Structure formats: C-alpha cells, structure tokens
Amino acid sequence: MPARTAQVLAEGLYFGECPRWHEGRLWFSDFFGHAVMSVSMAGDVRTEFEMDDQPSGLGWMPDGSMLVVSMGKRQIIRRFGDGKTTIHAELPHAGFRANDMVVDRMGVAYVGDFGFDLHADIEARGIESVLADHPTACIAHIAPDGTVRVVAEGMHFPNGMVITPDGRTLIVGETLAGALTAFDIEADGMLSNRRVWASTWPRVPDGIALNADGAVWVANAVAPECVLIAEGGEVLDVIETGQPCFACMLGGDDGRTLFMMTAPTSVPPEQGAPPMGKLLVVDGLSPHAGYP
C-alpha cells in the first residue's frame, strides 16, 4: 500500500514520548530534556514543568491533577494545578527504569518498566542476542489512592498501553516480542487471559494509540514509520516519518489527528548535542478511542 507522508508540527525536541491530548493541547514527555511539554495545533511549544529525572508516562486523575512517571526514581509523581507535587506511588519492583503508563477515567493507572538496561545490553551483546535472551519486566496496577500491585510478569519490555472504551481490555506493545499483547481487565483491576492481539514482527512496537474502528496505531522504534494494525496483524495503513517513530497518539479537537514523536535514535545524546527530535501530524483519520 502507498505510505502517507506526515507534516512537521514542531521540532527541536530531544526525545518526545508518551503524547496525550488534553484540554486543547498535546502534552508529552521529553526524556532527555527532563521536561513535560505541550504544543497547540498552531505549533507553539511550551515547557509545562521540568524534572530532576527523566519523565515518561503521563495521565490525569479525576480531580485534574497530573500523574507523571519518574523513570530513574521509579516513582509516580502527582502534580496539582498549583504546581505542588507529591509522590503518588513507589515502584520498587520495576527493573532498571519505570516506563510508559495509561490512566483510566477513574484514576487507575497501569505502568510498565524496562526490566534491564536495554541500551547497555545491546551495546555489550548485540541486538540479536538481546532479542533471544533478556530479563523480563512487569506491569503494575496503581489504585487511585497510590496502592501498587504487580498484575503481570514475564513481559518482554512492555511499552505503550491502551485501554478499550468499555474498560475491559488492556493492550500492550511488547517491544522485544514484536507483538501487541492483550489482557482482560477484571473488576478488581487484575489482568487475566493474556494473549497475542497481533504480531507486529519485524516491526517493533513502542508507543501505541487506539482508534474508533478498534485498530491500533503502532510507532515502529526501528524504522521511520507509524503503522495501523488490526487485531490479528493485518497492516491497514502506513505513515512515513523520516526518523524512527517512538510514540503516537490520536487527538485534536475532533480526535482525528495522529501525532507522532520521532528522533534519530533512542540512545541518550552526548553532552551538548543539538535536539533533533520532531513532532509530526496527519489529519483526517478515524478518531481516537479509549484511554489514554
């Protein structure tokens, strides 16, 4: 199928991740800029706040306060409207770094982790060896009061996550498995019935976004593209992104704009290196559904 071409909405980012449409702006984390940022559809980028750690997953509680994954500290930070912050949850089980997160309308969060130092292991052993043999990771359930439970283990680098509109299914991008994995969400928040929702291999899923047709946009971390995949694995659409694509989200006022975060690499930049990441958009798509 012919690939679509995206337009640049913003550039000069280090490594944009975890985009979320919220109150008329796209919010996202810049890992290596140590900041949570936002941008309007006009392309005006602003720094919302800075952190002394790498931020990752984002979400909002019912009272409007914001949850942010603090990767290295393995914490969930809660930031209130007046700028005050508290530690919402500790994630001592997380291997190496905490990572992406999805938050539902009740303020329940699911959070993944790296499991191990991915970049160091790839440098030491090579990507093929790491794919064949690597430590696994967990998914944690964070209740609105900050109580933490591990609800899935043996995950192959869980990354982007979405919850279906009925709140009954969690879909996770397992980066090192080359697959989208689904779970049933039980009434108490526990996960069951683990299954392969779609194989993406040789595409490697990072961030993901769910549309109203029940298909999932997948940011391909090892190629310059974002692809739409149906349950079972059929590729429905392809968007060229110029650089590897690490995250995506449907948003805009009508939910029909696909936002894609790209960068030359996921390896941390050397001191003083210029920011080369971009935010791309394509309009007029099937709208956003579910959470985030």
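## An open sheet of five strands

In this predicted model, five strands line up as an open sheet in the order β1-β22-β21-β20-β19, with mixed pairing. At its edges sit β1 (4-5) and β19, each of which pairs on one side only.

If you follow β19 to its partner, you find that β19 and β20 (residues 216-220) run antiparallel and are joined over four bridges. Within this part of the sheet, proline 205 stands opposite asparagine 220 in β20.

## Two cis prolines

Two peptide bonds are worth a look here. The bond from tryptophan 201 to proline 202 is cis, and its omega is near 10 degrees. Proline 202 belongs to the loop between β18 (191-199) and β19 (205-210), and β19 is an edge strand of the sheet described above.

The bond from tyrosine 291 to proline 292 is cis too, with omega near 0 degrees. You will find proline 292 in the segment after β25 (277-282), and this proline also appears in the lining of the largest cavity.

## The cavity and its lining

A look inside the model turns up one cavity of 30 Å³ or more. The space in the largest cavity comes to about 60 Å³. Its lining is made up of Cys18, Pro19, Arg20, Asp100, Gly160, Met161, Gly207, Ile208, Ala247, Cys248 and Pro292.

Which strand gives the most to this lining? That is β3, with three residues. Strands β3, β15 (158-163), β19 and β23 (245-251) each provide at least two lining residues, so the edge strand β19 of the open sheet takes part here as well. By type, the lining residues divide into seven nonpolar, two polar and two charged.

## A cluster of phenylalanine rings

The model contains eight aromatic pairs. In one of them, phenylalanine 15 and phenylalanine 32 have ring centres 5.5 Å apart and planes at 40 degrees, so the pair counts as tilted. Phenylalanine 15 sits in the loop between β2 (7-13) and β3, while phenylalanine 32 is in the loop between β4 and β5 (35-39), so their contact ties together parts that are 17 residues apart in sequence. Both phenylalanine 15 and phenylalanine 32 are buried.

Phenylalanine 15 has another ring partner: the centres of phenylalanine 15 and phenylalanine 246 are 4.7 Å apart and their planes meet at 55 degrees, so this pair is tilted. Since phenylalanine 15 is in the loop between β2 and β3 and phenylalanine 246 is in strand β23, this pair ties together parts that are 231 residues apart in sequence. Phenylalanine 15 counts as buried because its relative accessibility is 3%, and phenylalanine 246 is buried at 4%. Ring pairs link Phe15, Phe31, Phe32 and Phe246 into a cluster.

## Positive phi outside glycine

Two residues have a positive phi although neither is a glycine. Glutamate 23 has a phi of about 50 degrees and lies in the loop between β3 (16-22) and β4 (25-30). Is glutamate 23 buried or exposed? With a relative accessible area of 73%, glutamate 23 is exposed.

For phenylalanine 96, phi is about 70 degrees. This residue is in the loop between β10 (85-90) and β11 (98-103), where its 32% relative accessibility makes it partly exposed.

Note on methods:
Residues numbered from 1 in each chain as written. Predicted model: local features only at pLDDT ≥ 70, side-chain atom pairs only at ≥ 80, totals over all residues. Heavy atoms only, no water. Buried < 20%, exposed > 50% of the residue type's maximum accessible area, 1.4 Å probe, protein only. 1 Å grid on protein atoms, 1.4 Å probe; cavity = no way out; pocket = protein on both sides within 12 Å on 5 of 7 lines; lining within 4 Å. Points joined across faces, edges and corners; volume = space filled by probe spheres on them. Nonpolar A, V, L, I, M, F, W, Y, C, P; charged D, E, K, R; others polar. Pairing = 2+ DSSP bridges. Phe/Tyr/Trp six-rings, centres within 6.5 Å; stacked < 30°, edge-to-face > 60°.
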